[in-house]
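Me: I have a model open and would like to talk through its cysteines and its core. Could you take me through them step by step?

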Amino acid sequence: MQTRNRSQDIDLKFLQVATTIFCIAGLLLSIYAYHVEVKKEKDENYTAMCDISEHMSCTAAFSSKYGKGFGILEHIVGKESILNQPNSVFGLVFYLIFMPLGEIPNLTVSKIMIGLAVLSNLCSVYLAYILMFILYDFCVVCVTTYAVNFFLLICSLFRYKFHSAKLKAEASKKSS
């Protein structure tokens, strides 16, 4: 019985560490994306490290109309609204919220994390569609961010499974 509890603690710790690592990766990618976008706005001749070719360019994606407010917010709140930020700012906010949640061992928090991860993956699918079929571009930073979001969803699902199993075990222990 003691071995099972220790194994569960190790599994939870692994998920917490993995979540933190993926959030840090997402933060770094978002910071870099923001940096590239700001540099490109100030200097039209700026070429980012992620600009590999004409159709493999993160700058093209970041500076497109879809690079701010997902290409949607300007139609809702206006182009000059404070809410119409670069997508990288939304990424920063997401990862800064998600990372501390990953340290809270709780079933309700796990449900919240799944909801946030699903939302981020829906945004990733939407932006991937735009990237491929509207912009005809491949953005290494964008695609890496989509992968980070996917792995955060996987970690969140495993966390939920872990906390559900733990609650069931505690309930059956009390009823015995």
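Reply: Let me start with the term we need: a disulfide here is a pair of cysteine sulfur atoms within 2.5 Å. Please keep in mind that this is a predicted model, so the links below follow from computed positions, by that definition.

Me: OK, how many disulfides does that rule give?

Reply: The count comes to 2 disulfides by this rule, and with bonded cysteines counted along the chain they follow the pattern 1-2, 3-4.

Me: Which cysteine does Cys50 pair with, and how far apart are the sulfur atoms?

Reply: Cys50 forms a disulfide with Cys58, and their sulfur atoms are 1.5 Å apart. The torsion about the S-S bond of this pair is about 40 degrees, so the disulfide is right-handed. Both Cys50 and Cys58 are buried.

Me: And what is Cys139 joined to?

Reply: A disulfide joins Cys139 to Cys142, with an S to S distance of 2.4 Å. The link of Cys139 and Cys142 is right-handed, with 75 degrees about the S-S bond, and both of these cysteines are buried.

Me: Why is Cys23 left without a bond?

Reply: The closest cysteine sulfur to that of Cys23 is in Cys155, at 8.8 Å, which is too far for a bond because the rule asks for sulfur atoms within 2.5 Å. Cys123 is in no disulfide either, the nearest cysteine sulfur being that of Cys142, 13 Å away.

Me: Are those two, Cys23 and Cys123, buried or exposed?

Reply: Cys23 counts as buried, at 0% relative accessibility, whereas Cys123 is partly exposed, with a relative accessible area of 23%.

Me: Switching to the core, which residues touch the most other members of the largest nonpolar one?

Reply: Phe62 and Cys139 do, out of the 30 residues in that core. The elements that give two or more residues to this core are helix H1 (2-42), helix H2 (58-62), helix H4 (87-101), helix H5 (107-134) and helix H6 (140-175).

Me: What does Cys139 touch, leaving out its sequence neighbours?

Reply: Not counting residues up to four places away in sequence, Cys139 touches Ser57, Cys58, Ala61, Phe62 and Leu131. Cys58, one of these contacts, is itself the disulfide partner of Cys50.

Me: Last thing, what is the mean pLDDT, and which elements are lowest and highest?

Reply: The mean pLDDT of the protein is 93, and 94% of its residues reach 70 or more. Among the elements, H1 has the lowest mean, 87, and H4 the highest, 98. Where pLDDT is low, the predicted coordinates should not be read in detail.

Technical notes. Residues numbered from 1 in each chain as written. Predicted model: local features only at pLDDT ≥ 70, side-chain atom pairs only at ≥ 80, totals over all residues. Heavy atoms only, no water. Core = buried A, V, L, I, M, F, W, Y, C linked by side-chain atoms within 4.5 Å. Buried < 20%, exposed > 50% of the residue type's maximum accessible area, 1.4 Å probe, protein only. Helix = DSSP H or I, 4+ residues; strand = E, 2+ residues; numbered from the N terminus. Contact = heavy atoms within 4.5 Å. pLDDT = per-residue confidence, 0-100.
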